[in-house]
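Welcome! Please take a moment to turn the model around and get a feel for it before we walk through it together.

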Amino acid sequence: MDRGHCRGRYGKGPQTVSVVEVSADIDAPPEAVWKVVADPRNLPRWNRHIISVEDVPTDGLQLGSHYTAHLAVMGVRGKSRATVVDLRPPEYAKIQLTGIVEATVETWLEPRNRSKSRLRHRIVYRFRGGPLGEVAARAVNAMGAMRLLRKGIQAQKEQAENR
């Protein structure tokens, strides 16, 4: 993994908007990496706080597709609905999340050569107000959003390279 940074937090409390970015070089061609990162059913493999994903389209993600991620953070459960708002396989995806966490997740995949790729994620997120959002926001702040995202991209890298 070669890069990761948090651009900043804007606001106070659970309404705070945060931006995190990470990238990694992967020893696999873009098409192989795309098969891994474009399948939401893999989300629980990359983030232990995502306990399940449902309603994933059987024919793969397309513009306008929806699915639901069920989350558990420090004993608090919630869900976020994901909508694909932009999709250009195998190079770019933009997913909008609504629910306990509201976020825009962007993924870029760039070829480095015929057998290597650079994967990059940018997430702009905030937790909704109320008791559940406050607990989730405190938990993510305590665990470190950047650390969680780095672990996730490392898991994606390993999965793509071992495919």
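Which backbone nitrogen does the side chain of Ser65 reach? The backbone nitrogen of Gln62, at 2.8 Å. This is a polar contact, meaning a pair of N or O atoms within 3.5 Å; within protein, one must be able to donate a hydrogen and the other to accept it, and residues adjacent in sequence count only if both atoms are side-chain atoms.

Before going further, a word on what you are looking at. This is a predicted model, in which local features need pLDDT of at least 70 and side-chain atom pairs count only at pLDDT 80 or more, while totals for chains, interfaces and linings use all residues. Residues are numbered from 1 along each chain as its sequence is written, and side-chain values use heavy atoms, with hydrogens and water left out. The confidence score, pLDDT, is given by the predictor for each residue from 0 to 100. Its mean over the protein is 83, and 78% of the residues reach 70 or more. Please treat residues 1-15 with care: pLDDT stays under 50 there, although the model has 50 contacts beyond four places in sequence for them. A contact here means heavy atoms within 4.5 Å.

Now for the overall layout. The protein has 4 helices and 8 strands, where helices (H or I, at least four residues) and strands (E, at least two) are DSSP runs numbered from the N terminus. Following the sequence, you meet them in the order β-β-α-α-β-β-β-β-β-β-α-α. Of the 163 residues, 48% are buried; buried means under 20% relative accessible area, exposed over 50%, and partly exposed in between (1.4 Å probe, protein chains only). Among contacts with a separation of 6 or more, 46% are between residues 24 or more positions apart.

Let us return to Ser65, which sits in the loop between strand 3 and strand 4. Ser65 counts as buried because its relative accessibility is 11%. Leaving aside residues up to four places away in sequence, Ser65 touches Pro57, Gly60, Ala82, Thr83 and Val84. Val85 is 20 residues from Ser65 in sequence, and their C-alpha atoms are 8.2 Å apart in space. Val85 belongs to strand 5 and counts as partly exposed, at 40% relative accessibility. Beyond four places in sequence, Val85 touches Leu63, Lys94, Ile95 and Gln96.

The loop of Ser65 leads into strand 4. Strand 4 (residues 66-73) is largely enclosed by the rest of the structure, because 7 of its 8 residues are buried. Strand 3 (residues 50-54) pairs with strand 4 in the antiparallel sense over 4 bridges; two strands pair if DSSP finds at least two bridges between them. Here Ile50 has Leu71 of strand 4 as its bridge partner. Strand 4 also runs antiparallel to strand 5 (residues 76-88), joined to it by 8 bridges. In that pairing, His66 stands opposite Thr83. The hairpin of strand 4 and strand 5 has 2 residues between the strands, and Met74 takes a positive phi near 50° in it.

Charged side chains come next. The structure holds 8 salt bridges, each a side-chain nitrogen of Lys or Arg within 4 Å of a carboxyl oxygen of Asp or Glu. One of them joins Glu21 and Arg122, with the closest N and O atoms 3.1 Å apart. Glu21 lies in strand 2 (residues 17-26) and Arg122 in strand 8 (residues 116-127), so this pair ties together parts that are 101 residues apart in sequence. Glu21 is buried, at 3% relative accessibility, whereas Arg122 is partly exposed, at 21%.

Another salt bridge brings together the side chains of Asp25 and Arg112 (3.9 Å, N to O). This pair also links distant parts of the chain, with Asp25 in strand 2 and Arg112 in strand 7 (residues 101-113), 87 residues apart. Asp25 is partly exposed at 32% relative accessible area, and Arg112 is partly exposed at 45%.

A final stop is Asn42, in the loop between helix 1 (30-37) and helix 2 (43-46). Buried or exposed? Asn42 is buried, with a relative accessible area of 9%. A polar atom of its side chain lies 2.9 Å from the backbone oxygen of Val36. Not counting residues up to four places away in sequence, Asn42 touches Val36 and Gln159.
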